[in-house]
Structure formats: structure tokens, C-alpha cells
Amino acid sequence: MADFSWTPVSPLQAALKPGRLGEKSGPAGLKLTELTGFSLMQVQARRGRWAETEAAAQGLFGVSAPANPAAVEGSGATLVWSGPQQFLALFPAGYGADWEKRLADAFAGSASLSDQTGGRAMIRIQGARARDMLAKVCSVDLHPRAFATGAAAATSVDHTGVNLWRRADDAEGAVFDLIVFSTFAGSLWHTLVDHAAEFGVEAGRHPA
Amino acid sequence: MRINCPFCGPRENGEFTYLGDAKPVRPEGGAGEEAFYDYVYLRDNVAGEMSEWWYHGGGCRSWLKAVRNTVTHEFLSVEAAPGAGGKAVQK
Ligand SMILES: [Zn+2]
């Protein structure tokens, strides 16, 4: 058997140029950051097994699996609703090699698992003008009254399917996280940067 | 035109794909050629309320069954297709 030593390369390796982009005067209106190194599992309840899937999620993460479009912070992972009776379990970089086994043991018999780690890229959109930029490319109402902290949506941005959710605000304003298929990440990144340019962008990359 | 996905809430129609008339029901195996010809090829040209299949491919990827007025484009109801998974989400 051959030995492989593959080095993971970001799907945004070519597209993402860290630093200030677009409008150069004044403070940047928003930050666009690629979050790297995460692990991601699609969890889909088997037919008629949602109650068992919920119980397994409760046991493993200490929170209820999202039954509505929401992102729930559990112990060790964020659970992001992705459709009826299914969600994404997102583990931060450096979580530990046993993440797959823990999921496989917990959901044995109740849900099907599909590793999406290499297939998705994650982008954080935050800052005072984050909503103004997203309003140009996303048809979901992201007003704080309509899209509270913890709200999530499976939607399309620039005809590209994404999972989008809102984290807690930081000092500069709203914080949204977005997951997109790796092969679409580059074109989506260009779209986001183009629509953010008028506000001034700080682009970067750091571990999830 | 907006479609109120029972799982996601109201979304622009660009997130959905139209799959056609939801009325035809597959005939039993021995129903004969004429029944299958009707099932596969013949469609009503409805002016008014029509039951339709839609697919939320740009969102939750669920199959939906909707009643739409083909004259006004008003959606009178949208529900999860039978067997499509979870119960409709209360919005
Ligand atoms: Zn939907």
C-alpha cells in the first residue's frame, strides 16, 4: 500500500486575499473571514426515528437537536438545522480525532451520518454593515426582529445553496456564519467581496 | 412570487423548482395501456386552482405539494409531500 501524506488546502486558497478590500477610507464596514479546520457531519434521522435522534443528540451534546430552522450551541459542537429531521453537527478546529466515533456510537440505529468535512467551506460575515451587504444577495429577512440570535436558514445566495445562521452579536454588530459547498466557495467569496466592497472589507482566515 | 415552505417559511420562488401536476396517480400494474398513456402523457390545462408538486432545492430540499391558482399565481396552501419526512414546522 502506498503511503499518503495529503495536505488539506482551503477551497478559498486562491480566492481569499487577506487584508483590506474595496473602499479604503474609514473603518471597514464588515469583516469576511474563512473559518478553517472544522469537522462537519450531516445527521439525518431514519424514517420514524426522530425521537431517538433527538434523544441521542441530547445525550451527546446536552441540548435538543434543532427541529426548526435554528442553530443550537451544544457541548463541543454547534447543531445547525438543515431540513426536516436533519441537521449539521459542526465541531471546531482541534476538537479531537474521536468525533466521528462519538457520533457513530450515539446515533447508531437512529440516524444516518455523512461526513461533510472536506466538502464545505465556512465563512463568517460580521460587522456594522454585514446586514446591508447580505440584503443585496440573500432574500431571507435578516432584520433582528425576524432573524434572532440562533436563527438559521437553508437558503440560496447568488443561486448557491448555503446554510446561514446568526451568532451572538459582538462589539461591532451582527455575526453570521455561512457554510457552502467547497466547489462553490470561490465564486461565492467573490460575490460577497464584490457586494461588500462599497462598505470596505477586512478579509482574513482563522481556525473555526 | 413567494412560496411559503412549511419547513423554511416564505421564500422567493427562485429557490423552488416546479415539478408539475400532482393529480395523476400511477395506475395499478394491470390497468392497461390506455390508463398508463393517460397517466404519463395527458394533462389538464387548468385555469384556476391546481394541485402541484414543487421542490425546495435552493433551501431545505423538501418535496412539497401546493395548491396554486394558475390565473392569479396565488398559493392557497403548501404542505410537505407525503413521505417527505418531518411534520410541518409551526412558524
Ligand atoms: Zn424549505
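Me: What are the protein donors of the zinc ion, and how far from it do they lie?
Reply: In this predicted model, the zinc ion has B:Cys5 (SG), B:Cys8 (SG), B:His56 (ND1) and B:Cys60 (SG) as its protein donors, at 2.0 to 2.5 Å. A donor has to be within 2.8 Å of the metal, so these atoms qualify.

Me: What makes the arrangement around the zinc ion tetrahedral?
Reply: The angles do. The 4 donor atoms subtend 99 to 117°, and four donors count as tetrahedral if all angles lie between 85 and 135 degrees. The range fits, so tetrahedral is the word for it.

Me: What spacing do the donors of the zinc ion follow along the chain?
Reply: The pattern reads C-x2-C-x47-H-x3-C. One pair in it links distant parts of the chain: B:Cys5 is in strand S1 (residues 2-5) of chain B, while B:His56 is in the loop between S4 and strand S5 (63-69), 51 residues apart.

Me: Why is B:Cys5 called buried?
Reply: Buried means under 20% relative accessible area. B:Cys5 has 1%, so the label applies. B:His56 has 0%, so B:His56 is buried too.

Me: How do you know that A:Arg167 and A:Asp177 form a salt bridge?
Reply: Their closest N and O atoms are 2.9 Å apart. The cut-off is within 4 Å, so the pair passes. This pair also links distant parts of the chain, with A:Arg167 in strand S10 (residues 160-170) of chain A and A:Asp177 in strand S11 (residues 173-181), 10 residues apart.

Me: Are A:Arg167 and A:Asp177 buried or partly exposed, and why?
Reply: One of each! A:Arg167 has a relative accessible area of 21%, and partly exposed runs from 20% to 50%, so A:Arg167 is partly exposed. A:Asp177 is at 0%, so it counts as buried.

Me: What makes B:Lys23 and B:Asp44 a salt bridge?
Reply: Their side chains meet at 2.8 Å, N to O, and that is within 4 Å, so the name holds. B:Lys23 is in the loop between strand S3 (17-21) and helix H1 (33-41) of chain B, and B:Asp44 is in the loop between H1 and strand S4 (49-55), 21 residues apart.

Me: Why does B:Lys23 count as exposed?
Reply: Exposed means over 50%, and B:Lys23 is at 55%, so it makes the cut. B:Asp44, at 44%, falls short of that and therefore counts as partly exposed.

Me: Which residues do salt bridges that share partners join into one network?
Reply: A:Glu73, A:Arg124, A:Arg167 and A:Asp177.

Technical notes: Residues are numbered from 1 along each chain as its sequence is written. Chains are lettered from A and ligands numbered from 1 in the order in which they are written. This is a predicted model: local features need pLDDT of at least 70, side-chain atom pairs count only at pLDDT 80 or more; totals for chains, interfaces and linings use all residues. Side-chain values use heavy atoms; hydrogens and water are left out. Helices (H or I, at least four residues) and strands (E, at least two) are DSSP runs, numbered from the N terminus. Buried means under 20% relative accessible area, exposed over 50%, partly exposed in between (1.4 Å probe, protein chains only). Donors are N, O and S atoms within 2.8 Å of the metal (3.2 Å for Na, K and Ca); water is not among the atoms, so sites may look incomplete. Four donors count as tetrahedral if all angles lie between 85 and 135 degrees; four count as square planar and six as octahedral if opposite donors are over 155 degrees apart and all others between 65 and 115; anything else is irregular.
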